[in-house]
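Reader: Hi! Could you walk me through this structure? I'd like to start with the pockets and then wander a bit.

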Amino acid sequence: MELLDIVDREGNPTGEIKERTLVHRDGDRHRTCHVWLARRRAGAWQVLLQKRSDCKDSHPGCFDISSAGHIPAGVDWIPSALRELWEELGIRAMPEQLHLAGTRHISWEGTFYGHPFRDNQVSRVYCMLWDGEPEALCLQESEVSAVRWMNLEACRDAVVNNRIPHCIFPEELDLVAAALGELP
């Protein structure tokens with residue numbers, strides 16, 4: 001059972017803790033961390049996309065953020081982001097490798113497997129420079145079925161115009177682009 005902190009608008013725990021499936025059933029505000037892996041190729045930024053496993057409880061088989069996850073009750077943002085990188089992709093990283101791109105509030109409702117799904121997140125979005133190839137990763141099969149590099153501009157275009165199955169918000173790609181523009 002995965003327990004999550006219910007949080008206020010800024011992402012501060014309120015003291016209430018609830019099981020993840022109930023949080024999504026009821027639409028309670030909770031925290032997530034998003035890490036976008038990026039590299040430069042031929043003068044342009046690329047981002048690593050993960051393809052969600054077909055057995056995921058939401059957005060199965062869709063392209064998504066390089067690494068993302070819910071923050072367990074009692075855990076802070078960066079330790080959770082580092083844990084997700086390790087669990088999903090097999091990447092060991094240090095806190096100083098994460099560059100904060102911003103904080104997003106996401107509110108979304110849908111239906112998966114015949115059940116309502118209400119996602120109400122406060123998400124910290126990070127960028128991390130990583131110049132590896134997909135073959136070097138150790139994918140967590142229950143979470144990730146594949147990964148691929150994609151030019152950031154092409155990714156944004158594909159998301160906006162629904163050219164790939166995805167669960168990515170264009171506003172998040174804008175945050176990532178701005179953050180990468182500030183890096184050397």
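Author: Happy to; we can take pockets, then cysteines, cores and a few single residues, bearing in mind that this is a predicted model.

Reader: Great. What volume does the largest pocket have?

Author: The largest pocket comes to about 630 Å³. Its lining has 32 residues, and the closest to the pocket's centre are Arg52, Ser58, Asp64, Asp119 and Gln121.

Reader: And which element gives the most to the lining of the largest pocket?

Author: That is α2, with 4 residues. At least two residues each come from α1 (20-26), β3 (29-41), β4, β6 (67-70), α2 (77-89), β7 (99-112) and β8 (115-129).

Reader: How does the lining of the largest pocket split by class?

Author: There are 13 charged, 11 polar and 8 nonpolar residues in that lining.

Reader: Okay, what about the second largest pocket, what is its volume?

Author: The second largest pocket has about 160 Å³. Its lining is made of Arg20, Thr21, His24, Arg25, Asp57, Phe112, Tyr113, His115, Pro116 and Phe117. Two elements, α1 and β8, give two or more residues to this lining, and the largest share, 4 residues, is from α1.

Reader: And by class, what does the second lining look like?

Author: For the second largest pocket the lining counts 4 nonpolar, 3 polar and 3 charged residues.

Reader: Changing topic: how many disulfides are there?

Author: The count is 0 disulfides.

Reader: Why is Cys55 not in a bond?

Author: Because the closest cysteine sulfur, the one in Cys62, is 13 Å from the sulfur of Cys55, and that is too far for a bond.

Reader: Is Cys55 buried or exposed?

Author: Cys55 counts as exposed, since its relative accessibility is 54%.

Reader: Why is there no bond for Cys127?

Author: Distance again: the sulfur of Cys127 is 12 Å from the closest cysteine sulfur, in Cys155, so the two are too far apart for a bond. As for accessibility, Cys127 is at 1% and therefore counts as buried.

Reader: Let's go inside, then. Which residues touch the most other members of the largest nonpolar core?

Author: In that core of 23 residues, they are Trp36, Val47, Leu49, Cys155, Leu173, Val176 and Leu180. The elements β3, β4, β8, α3 (152-160) and α4 (170-181) each give at least two residues to this core. In general, nonpolar side chains tend to be buried together in soluble globular proteins.

Reader: Pick one for me: what is Leu173 in contact with?

Author: Leaving aside neighbours within four places in sequence, Leu173 is in contact with Trp36, Leu152, Cys155, Arg156, Val159 and Ile168. Apart from the largest core lies another core, of 22 residues, which includes Cys33, Ile71, Leu82 and Met128.

Reader: Nice. I keep looking at Phe63. Where is it placed?

Author: Phe63 is in strand β5. With 11% relative accessibility, Phe63 counts as buried.

Reader: How far apart are Phe63 and His166?

Author: Along the sequence Phe63 and His166 are 103 residues apart, yet their C-alpha atoms are 4.4 Å apart in space. Not counting residues up to four places away in sequence, Phe63 touches Leu49, Gln50, Lys51, Arg148, Ile164, Pro165, His166, Cys167 and Ile168.

Reader: And His59, buried or exposed?

Author: His59 is buried, because its relative accessible area of 19% falls under the 20% limit. His59 belongs to the loop between β4 (44-52) and β5 (63-64). If residues up to four places away in sequence are left out, His59 touches Arg52, Trp108, Phe112 and Cys167.

Reader: Last topic, backbone angles. What is phi of Ala42?

Author: Phi of Ala42 is near 50°, a positive value in a residue other than glycine. Most residues other than glycine have a negative phi. Ala42 is placed in the loop between β3 and β4, and at 87% relative accessibility Ala42 counts as exposed.

Reader: What about Asn162, and where is it found?

Author: Asn162 also has a positive phi, of about 50°, although it is not a glycine. Asn162 is found in the loop between α3 and α4. Its relative accessibility is 58%, so Asn162 counts as exposed.

Reader: Thanks, that was just what I wanted!

Key
Residues numbered from 1 in each chain as written. Predicted model: local features only at pLDDT ≥ 70, side-chain atom pairs only at ≥ 80, totals over all residues. Heavy atoms only, no water. Buried < 20%, exposed > 50% of the residue type's maximum accessible area, 1.4 Å probe, protein only. Contact = heavy atoms within 4.5 Å. 1 Å grid on protein atoms, 1.4 Å probe; cavity = no way out; pocket = protein on both sides within 12 Å on 5 of 7 lines; lining within 4 Å. Points joined across faces, edges and corners; volume = space filled by probe spheres on them. Nonpolar A, V, L, I, M, F, W, Y, C, P; charged D, E, K, R; others polar. Disulfide = S-S within 2.5 Å. Core = buried A, V, L, I, M, F, W, Y, C linked by side-chain atoms within 4.5 Å.
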